[in-house]
Amino acid sequence: MERLGQTFINNVSIMKSHVTKHAIYGTSIAISAIILATLLSSQYHYGDINFSNIITAQKNNFTLWILDGMPFIFAFWGQYVSSAMALQASTIVLDQTHELRNQTAALEYQIMHDATHDSLTNLPNRVLLRDRLDQAIHVALREQKNLAFFILDLDHFKEINDTLGHHSGDQVLKHVALRLQGVMRESDTLARLGGDEFAILLPLIKKRSHVQIVAKKIQNSFHSPFIVGDLNLDVQASIGIAISPEHGKDVDTIMQRADVAMYVAKQNNDGFAIYSRKLDKHSPKRLTLMSELRQAIENGYLVLHYQPKIDLKNNCVSGVEALVRWQHKTHGLIPPDDFIPLAERTGLIKQLFIWVAKAALVQAEQWHNDQLKIGVAINLSPSTLLDADLPDVITGLLASYNLPARYITFEITEGSIIKDPDLALKILTRLAEMGINISIDDFGTGYSSLAYLKKLPVSELKIDKSFIQDMLKNENDEVIVRSTIDLAHNMGLKVVAEGAEEKETVTHLKTLGCDIIQGYYYSKPLSGNDCTEWFDTHGRGDMNKELEKN
Ligand code: C2E
Ligand code: CA
Ligand code: CA
């Protein structure tokens, strides 16, 4: 406010100083008019211009007296009007500055709010929750009190999403948020961690038994069915609880331990569990993995394997899929299914994606330098696809490696599109404009909106391996594979069959018109060096010739 006041005074004095000049000009003109009129009067009335005639004219000429008053009138009037104008102009500028400041403050608030809240439920998100948990832990330690932290995960939520669609899933999540808000006190924090996972922070608990009471209240709130459209849905939740300082004195430990308890709750009949050291033995690997994953990514304890994709028409390798593994000092090579979900939950997935993309591009660039012109496919998890920074990250990566974008494919799942179709379309369009290919992975397992698929800049469908592996024994699976191939071709897309292990499967896929096969029949995923060797032993010269034809 003080600064604004000072600006106001400065503005007025600047404007005043400008307009005062005009008052001086006016006064000068008036004085010149007096001199001229006096000289003319002296000449005209008294016959000559001299000092005594000028004095006589000034004494006797009544009109000159009026003229003599003019400079004073001009000076006063000019000064007065200009001051008033300066004041008025500055008031306008000040009003506009106020308005702009108000708008900026509202925008800043909106940005802050969006960064710290979940857009679906408007609850605090993981970022804000971590901050509040951190503060609450410090207060509890200082005041020698206890706090409780709950992680709540809906049971079988994926089925609701898959069978009824994401819109119904979103409705359920909103209802859950409202019911939980009803159970909470003002001082508690209810947050959405992502997906179907919520967290509750009770910053002060007087007795340990209160924790059970709150857990029961939460469970009671789930007793009546959730009404979505015409349906009554029965939704249950599993709750994991950790208490600070007893179970941990920092945010990560408390969150991990509530998570361990939640996994135990999923398996027991109570629907909730309070963390205890004993529970660790149910998931020792999980717990340690969680804390080690960040270091593994930062220190590069990950490794990429590559599985060849065979183009059936040209009988050559069209590319490879990059599949990540974790080289762990005690657990050995950990498969991606054991740690990708962890990376998603702990917010490390973006870092992991960047590591994978760099490693894949380095390898592909090396193969290209070695005249092996093949493409590389990289898996994009849902949260990475919907990260608005993704196109910029990719642009940066493309600039750093000497590999044309048309050799890069991103594999995305149907689920990640369904989560936010508009944003997915926007981001995929930007990636496609860069020349990157988009492939729909695990096709057939998710919620497929063909209408939507048509709008997306997709070039390939990958039929999920569950259909391929059973297609010779199960007629339904065969029909799904056959119609997916027809559908994809009608839409101008290529079809990849994933998980072909037997010769008969490959033969049948060829008769159905499948374009590309990826499976153990040709090769398991191989390390970079083994893959180069595989290319050498499988006629790399011919493969290159075939590829150059495309
Ligand atoms: P996906 O994208 O569906 O990858 C194909 C999986 O099927 C791979 O498992 C591959 O080894 C396996 N596979 C291929 N052919 C056959 C076959 O003939 N028989 C059988 N039984 N399996 C076959 P992998 O490498 O264990 O990867 C599992 C999943 O982990 C991947 O499924 C993908 O969803 C995820 N993943 C792997 N790497 C990454 C990554 O870098 N980022 C992300 N976000 N996810 C990844
Ligand atoms: Ca894939
Ligand atoms: Ca797949």
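The crossing of helices H6 and H7 is right-handed, meaning that the near helix is turned clockwise from the far one by less than a right angle. The contact there is made by Arg-179, Leu-180 and Val-183 of H6 together with Lys-217, Ile-218 and Ser-221 of H7, where contact means heavy atoms within 4.5 Å. These residues divide into three nonpolar, one polar and two charged.

Before going on, I should say that this is a predicted model, in which local features need pLDDT of at least 70 and side-chain atom pairs count only at pLDDT 80 or more, while totals for chains, interfaces and linings use all residues. Residues are numbered from 1 along each chain as its sequence is written, chains are lettered from A and ligands numbered from 1 in the order in which they are written, and side-chain values use heavy atoms, with hydrogens and water left out.

Helix H6 covers residues 166-183 and helix H7 residues 209-221, and they pack at an angle of about 140 degrees with their axes 9 Å apart. The two are therefore oblique to each other, that is, outside the ranges under 35, 65 to 115 and over 145 degrees.

Turning to the metal site, the calcium ion (ligand 3) is coordinated by Asp-441 (OD), Asp-442 (OD) and, twice, Glu-498 (OE), at 2.2 to 3.1 Å, donors to Ca being N, O and S atoms within 3.2 Å. Asp-441 also bridges this ion and the calcium ion (ligand 2), which lie 4.1 Å apart. Asp-441 is buried, with a relative accessible area of 7%, whereas Asp-442 is partly exposed at 25% (buried means under 20%, exposed over 50%, partly exposed in between, with a 1.4 Å probe and protein chains only).

Key
Axes fitted to C-alpha atoms, helices over the stretch in contact; angles between N-to-C directions. Helix = DSSP H or I, 4+ residues; strand = E, 2+ residues; numbered from the N terminus. Nonpolar A, V, L, I, M, F, W, Y, C, P; charged D, E, K, R; others polar. Donors = N, O, S within 2.8 Å, 3.2 Å for Na, K, Ca; no water.
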